[in-house]
Amino acid sequence: MSGPFSWTTAFNISLNRNKVLELGGESYKDIGDGDGHLKTGSIRRLIIGEPIGIFYGYRFDGIFQNEEECAQQTASASPIGVGLRRYKDLNGDGVVDAGNDREIIGDANPKFFGGLTNTFAYKGFELNVFLQYSYGNDIFNYNALELEAPTGGQNVYKDLVNRWTPENPSNIYPKASTNRNLLVSDRFIEDGSYLKLKTLSLSYGFLQLNFKHIAGLRVYVTGQNLLTWTKYKGYDPEVSYQGASTLEAGEDFGGYPQSRTFMMGIKLDIK
């Protein structure tokens, strides 16, 4: 754009599609041991024909409200009782077990991700705005798994004041009980999509200076990790509890959010 004002935009988008083709003759393989503290066991599974990074577990089906509902399941991987969590009996045999009633409940792979940079310049001023995004990825929230267990043995979310009682028949939060009932289910799978104002930088350049050895001077102020737009309930959707492992991406257990930082600086062009 001609004149003292200019605006330039750079946009990128990335897509990662993968599929498991061979597992040494096996149709599936469980990955990792889950979290040792919560003793969940594996929450991942490699399955022929499916992508790397899927979550595997039970389907949350609300809370048992009465004895009649309890009688519909003759056995379960979790305790059966009024006020406790209920899980879907996928094959309809009256028993909820690990072999027949777990399925794919999420995928840590985003449908696409990338960034958008806008640079605005007016005379000596320059404003750089960098947005980062990810869309369509799931996160397994270990924090919610533990903090939605009203056992009296640890802190819980404040929403647990709405836990199941005879007077408040919640269909989300179980009753206070010594039973931890920490099964891996889609109850703790959350949408990890986000849009972040990752970097915002404002600078001013003094281009005509009467100094013998200084050709240019630019001063700037920069902020990083300023804003995040997301539906994820944890601290930060840009999280990886298991490090850089592609087999165990998209897990969050007490991950510290990225720090919001501010910087000021001077750039000198020496002749």
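Me: Which residue of E3 does Tyr28 stand opposite?

Reply: Reading a strand pair begins with asking who faces whom. In this predicted model, Tyr28 stands opposite Ile47 of strand E3. The two partners are strand E2, residues 28-31, and E3, which pair in the antiparallel sense over 4 bridges.

Me: And which way do the residues of E3 point, and are they buried or exposed?

Reply: Along a strand, look at which residues share a side. From E3, residues 44-47, Arg44 and Leu46 point one way, while Arg45 and Ile47 point the other way. All of them are buried. Arg45 has a further contact to look at: it lies over the face of Tyr28, at 3.7 Å from the ring centre.

Me: Where else does a charged end sit over a ring, as with Lys196?

Reply: For such a contact, find the ring centre and then the charged group above it. The charged end of Lys196 sits over the ring of Tyr194, 5.6 Å from the ring's centre.

Me: Now for ring against ring. How many aromatic pairs does the structure hold?

Reply: The structure holds 13 aromatic pairs. To read one, take the distance between centres and the angle between planes. For Phe60 and Tyr87 the centres are 6.5 Å apart and the planes stand at 70°, so this pair is edge-to-face.

Me: Why does the pair of Phe60 and Tyr87 tie together parts that are apart in sequence?

Reply: Look at where each ring lies. Phe60 belongs to strand E5 (residues 60-63) and Tyr87 to strand E7 (residues 85-87), so their pair links parts that are 27 residues apart in sequence. Phe60 counts as buried, at 17% relative accessibility, and Tyr87 is buried too, with a relative accessible area of 1%.

Me: How are the rings of Phe112 and Tyr133 arranged?

Reply: Phe112 and Tyr133 form an edge-to-face pair, with 6.2 Å from centre to centre and 65° between the planes. Phe112 lies in strand E10 (residues 112-122) and Tyr133 in strand E11 (residues 125-135), so the pair ties together parts 21 residues apart in sequence. Their burial is worth checking as well: Phe112 is partly exposed, with a relative accessible area of 29%, whereas Tyr133 is buried, at 13%.

Me: Which residues form one aromatic cluster?

Reply: Here you look for a group of rings. Phe55, Phe140, Tyr142, Tyr241 and Phe253 form one aromatic cluster.

Me: Let's turn to the spaces. What is the volume of the largest pocket, and which residues lie nearest its centre?

Reply: For a pocket, read the volume and then the lining. The largest pocket has a volume of about 510 Å³. Its lining has 22 residues, and Ala108, Asn109, Pro110, Ala249 and Gly250 lie nearest the centre. The lining divides into 10 nonpolar, 10 polar and 2 charged residues.

Me: How does the lining of the second largest pocket divide?

Reply: The second largest pocket holds about 260 Å³ of space. It is lined by 15 residues, and those closest to its centre are Asn141, Asn143, Ala144, Tyr157 and Lys233. By class, the lining has 6 nonpolar, 3 polar and 6 charged residues. Helix H2, residues 142-147, supplies the largest share, 3 residues.

Me: How many cavities of 30 Å³ or more does a search of the whole structure find?

Reply: The search finds 1 cavity of that size. The largest cavity has a volume of about 40 Å³. Among the residues that line this cavity are Leu84, Arg85, Pro174 and Asn179. The lining comprises 4 nonpolar, 3 polar and 3 charged residues.

Me: Where is Asn179 found?

Reply: Asn179 is in the loop between H2 and strand E13 (189-191). With a relative accessible area of 23%, Asn179 is partly exposed. The C-alpha atoms of Asn179 and Ser78 are separated by 9.1 Å, although the two residues are 101 residues apart along the chain.

Me: One last feature, the backbone. What is phi of Lys39?

Reply: Most residues other than glycine have a negative phi. Lys39 has a positive value, near 55°. Lys39 is placed in the loop between E2 and E3 and counts as exposed, at 67% relative accessibility. Lys123 also has a positive phi, of about 55°, although it is not a glycine. The place of Lys123 is the loop between E10 and E11, and Lys123 is exposed, with a relative accessible area of 63%.

Methods
Residues numbered from 1 in each chain as written. Predicted model: local features only at pLDDT ≥ 70, side-chain atom pairs only at ≥ 80, totals over all residues. Heavy atoms only, no water. 1 Å grid on protein atoms, 1.4 Å probe; cavity = no way out; pocket = protein on both sides within 12 Å on 5 of 7 lines; lining within 4 Å. Points joined across faces, edges and corners; volume = space filled by probe spheres on them. Nonpolar A, V, L, I, M, F, W, Y, C, P; charged D, E, K, R; others polar. Helix = DSSP H or I, 4+ residues; strand = E, 2+ residues; numbered from the N terminus. Buried < 20%, exposed > 50% of the residue type's maximum accessible area, 1.4 Å probe, protein only. Pairing = 2+ DSSP bridges. Phe/Tyr/Trp six-rings, centres within 6.5 Å; stacked < 30°, edge-to-face > 60°. Lys NZ or Arg CZ within 6 Å of the ring centre and 35° of its normal.
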